[in-house]
Amino acid sequence: MSCFYKADPAQVLNVPVIPIGTLLAAAHPFAANPPYLLSWLSPQISAPDMLQPKLFEKLVTENFETVPAKLLLQLATAFEEGGLRDRSGTFFYKNHLSKSNVPVLAIAGDQDLICPPDAVYETVKLIREPLVTYKVFGEPGGPHFAHYDIVGAQRAVDLVYPCIIEFLNHHDAA
C-alpha cells in the first residue's frame with residue numbers, strides 16, 4: 001500500500017520566506033513578451049486596459065517584497081474547506097463574522113480571479129445585514145476591475161474611492 005502525503009513545498013523544505021517580488025519580476029518578461037508563456041499571470045493582477053503598460057510593469061517588478069512563508073501558508077487556508085484560519089489552524093474566521101458589530105464594506109472586481117465576486121458574496125452572507133455593504137465594481141461594457149485594479153487603477157480614483165469615502169463618512173458619524 002502506498003501513501004501519498006499532501007504538503008506545501010514551503011513546509012516540507014522549511015523555507016522561512018518566499019521572494020514573491022523576485023519571482024514576479026523574473027516571470028514578467030515571459031508574461032509581457034512573445035511567446036507570452038505566462039500571459040495568464042497578467043489578468044490575475046489587472047484587467048485589460050486598466051493600467052498603463054509601464055505602470056503595470058513597475059507594479060509587477062517593484063511592488064512585491066519577500067513574504068514570510070508562514071503568512072503565505074496561513075493565507076492559503078482561505079482556499080481550503082472552512083476558509084481562512086489562524087496560524088494554529090484551529091480558529092476559523094468565518095465562524096465568527098456573524099458575531100461582529102463592526103461595519104464592513106465588501107468590495108469586489110467583476111474580473112477578479114483571485115477573490116471573485118461570488119467568493120466575496122459568500123463571506124458577505126455571514127455578516128449581519130445592517131452591518132455589511134457589498135459592491136461589485138465593473139460594468140458589462142467596461143471598465144472591468146481585476147484584483148489590483150480596485151485600489152491601483154486610475155479608474156479606481158473616480159469609481160472606487162468615492163464609495164469607500166462615503167462608507168467611512170457614513171459610519172464615522174455613527
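How many helices and strands does the protein have? There are nine helices and four strands, seen here in a predicted model.

## Overall layout

Read from the N terminus, the elements follow the order α-β-α-α-α-β-α-β-α-β-α-α-α. The protein is 174 residues long, and 25% of these residues count as buried. About 12,000 Å² is exposed, with carbon and sulfur atoms supplying 60% of that area.

If you like to think in contact maps, here is a handy number. Taking contacts between residues at least 6 apart in sequence, 62% join residues at least 24 apart.

## The β3-α6-β4 unit

Strand β3 covers residues 104–109 and strand β4 covers residues 132–137; the two run parallel and are joined by six bridges. To find your place in this pairing, start from Leu105, whose bridge partner in β4 is Thr133.

Helix α6, residues 117–124, completes the picture: together with β3 and β4 it makes a right-handed β-α-β unit.

## Two nonpolar cores

Which residues have the most contacts inside the largest nonpolar core? They are Phe137, Phe145 and Val160, in a core of 15 residues. Helix α4, residues 53–62, gives this core its largest share, three residues. Another core, of seven residues, lies apart from it and includes Ala106, Val120, Leu131 and Val132.

Phe137 deserves a closer look. Beyond its neighbours within four places in sequence, Phe137 is in contact with Ile107, Ala108, Gly109 and Asp110, and also with Phe145, Ile150, Leu159, Val160 and Cys163. Two of the residues in that list, Phe145 and Val160, are also named among those with the most contacts inside the core.

## Two backbone details worth checking

Most residues other than glycine have a negative phi, and most peptide bonds are trans. Two places in this model depart from those habits. The peptide bond from Gly142 to Pro143 is cis, with omega near 0°. Pro143 sits in the loop between β4 and α7, the helix of residues 149–152.

The other place is Asp49, a residue other than glycine whose phi is positive, near 70°. Asp49 belongs to the loop between α3 (residues 42–45) and α4. Is Asp49 buried or exposed? Its relative accessible area is 78%, so Asp49 counts as exposed.

## Ala146, a buried loop residue

The loop between β4 and α7 also holds Ala146. With a relative accessibility of 0%, Ala146 counts as buried. Setting aside neighbours within four places in sequence, Ala146 is in contact with Pro43, Ile45, Ser46 and Ala47, as well as Gln111 and Asp112.

Ala146 also offers a convenient long-range distance to look up. Met50 is 96 residues away from Ala146 along the chain, and their C-alpha atoms are separated by 8.7 Å.

## The loop between α5 and β3

Three residues of this loop are linked to their surroundings by side-chain polar contacts. Begin with Thr77, which is placed between α5 (residues 69–76) and β3. Thr77 is buried, at 9% relative accessible area. Its side chain reaches the backbone nitrogen of Arg85 at 3.0 Å. Not counting residues up to four places away in sequence, Thr77 touches Gly83, Leu84 and Arg85.

Arg85 is found in this loop too. Which backbone oxygen does the side chain of Arg85 reach? That of Glu81, at 3.2 Å. Despite the charge you might look for at the surface, Arg85 is buried, with a relative accessible area of 13%. Beyond residues up to four places away in sequence, Arg85 touches Gln74, Thr77, Glu80, Phe91, Phe92 and Tyr93.

Asp86 lies in the loop between α5 and β3 as well. At 22% relative accessible area, Asp86 is partly exposed. The side chain of Asp86 makes a polar contact with the side chain of Ser88 at 2.8 Å, and the side chain of Asp86 also reaches the backbone nitrogen of Thr90 at 3.2 Å. Leaving out neighbours within four places in sequence, Asp86 is in contact with Gln74, Phe91 and Tyr93. The C-alpha atoms of Asp86 and Gln74 are separated by 6.6 Å, with their positions 12 residues apart along the chain.

How values were computed: Residues are numbered from 1 along each chain as its sequence is written. This is a predicted model: local features need pLDDT of at least 70, side-chain atom pairs count only at pLDDT 80 or more; totals for chains, interfaces and linings use all residues. Side-chain values use heavy atoms; hydrogens and water are left out. Two strands pair if DSSP finds at least two bridges between them. A crossover is right-handed if, with the strands pointing away from the viewer, the path from the first strand over the helix to the second runs clockwise. A nonpolar core is a set of buried Ala, Val, Leu, Ile, Met, Phe, Trp, Tyr and Cys residues joined through side-chain atoms within 4.5 Å. Buried means under 20% relative accessible area, exposed over 50%, partly exposed in between (1.4 Å probe, protein chains only). Contact means heavy atoms within 4.5 Å. A polar contact is a pair of N or O atoms within 3.5 Å; within protein, one must be able to donate a hydrogen and the other to accept it, and residues adjacent in sequence count only if both atoms are side-chain atoms. Accessible areas come from the Shrake-Rupley method with a 1.4 Å probe; for residues, only the protein chains shown count as cover.
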